[in-house]
Every structure is written in C-alpha cells, then in structure tokens.
Amino acid sequence: DGCSYYCKEVCLRSVEIEPKGVHAYTKMSIVNVDGKEWTMSYKGRKRNKATERIFFLVLPPGSYTGVFYDENDEVVSPEWVNVAAHAKPKCLDYVSADDFT
C-alpha cells in the first residue's frame, strides 16, 4: 500500500533543512502545532563551508516551527533556511516544504 510498516496509518516524508548564514549550526529543534518537539544535533553531511549544515528528518504531516543553536548551545538566527521535501509518498496526507516556519 506504499505506507511504512513501522508507523501504521502515518504518512511519513523525508525532509532536508539547511540553515544559511555565518553560524555553525550544531543543533536544531522543531515543534509541531500539537507541541511535540524534536531536537537533533548535527550528524549529517557538510557542504562547501563549515557553516553550511543539512539536517535530515523523516516527519509525519503537520506544521512545524524550527530553532537553531550554535556550538555554545545559544539560539542563532540563520539568514534564511532552505527546506527541501523529498519525493511525494504514495499516501495522501504528508508534510510539504510549506509546512515549516
């Protein structure tokens, strides 16, 4: 049926979140509208500059707000954030790039 066996009746989608700016973004925290929070340290790949980080997540549908932290665990604001949602899943209710602020 195209859905995950480990999260029955939940439509998951992979998303890459890339903060842009001068900071070393070492941690990201996102919260959905229900108040559920996910926090992750940077363990992904690094692009050309040391400050360009890509956080990779697999999320259920919803609206999300994110906060980024530097190496001193201080909240930092990126100049802008690139959100790239991967291929659309076969299920119908999934997260999109527009669901992030």
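## A predicted all-strand model

The protein exposes about 6500 Å², and carbon and sulfur atoms supply 49% of that area. Keep in mind as you look around that this is a predicted model. Of its 101 residues, 34% count as buried.

**Overall layout.** The secondary structure is quick to describe: the protein has seven strands and zero helices. Following the sequence, you will read the pattern β-β-β-β-β-β-β. How do contacts in the protein spread along the sequence? Among those between residues at least 6 apart, 74% join residues at least 24 apart.

**Confidence.** The average pLDDT of the protein is 80, and 82% of the residues score at least 70. Among the strands, the two ends of the confidence range look like this:

| Strand | Place in the range | Mean pLDDT |
|---|---|---|
| S4 (residues 55–59) | lowest | 85 |
| S6 | highest | 96 |

**A residue to look at.** Where is Asp73 found? Asp73 sits in the loop between strand S5 (64–69) and strand S6 (75–76). The strand that follows this loop, S6, is the one with the highest confidence, at a mean of 96.

The backbone of Asp73 deserves a glance too. Most residues other than glycine have a negative phi. Asp73 is not a glycine, yet its phi is positive, at about 65°. Is Asp73 buried, partly exposed or exposed? Its relative accessible area is 46%, so Asp73 counts as partly exposed, given that buried means under 20% and exposed means over 50%.

Note on methods: Residues numbered from 1 in each chain as written. Predicted model: local features only at pLDDT ≥ 70, side-chain atom pairs only at ≥ 80, totals over all residues. Heavy atoms only, no water. Helix = DSSP H or I, 4+ residues; strand = E, 2+ residues; numbered from the N terminus. Buried < 20%, exposed > 50% of the residue type's maximum accessible area, 1.4 Å probe, protein only. Contact = heavy atoms within 4.5 Å. Areas by Shrake-Rupley, 256 points an atom, 1.4 Å probe, with all protein chains shown as cover. pLDDT = per-residue confidence, 0-100.
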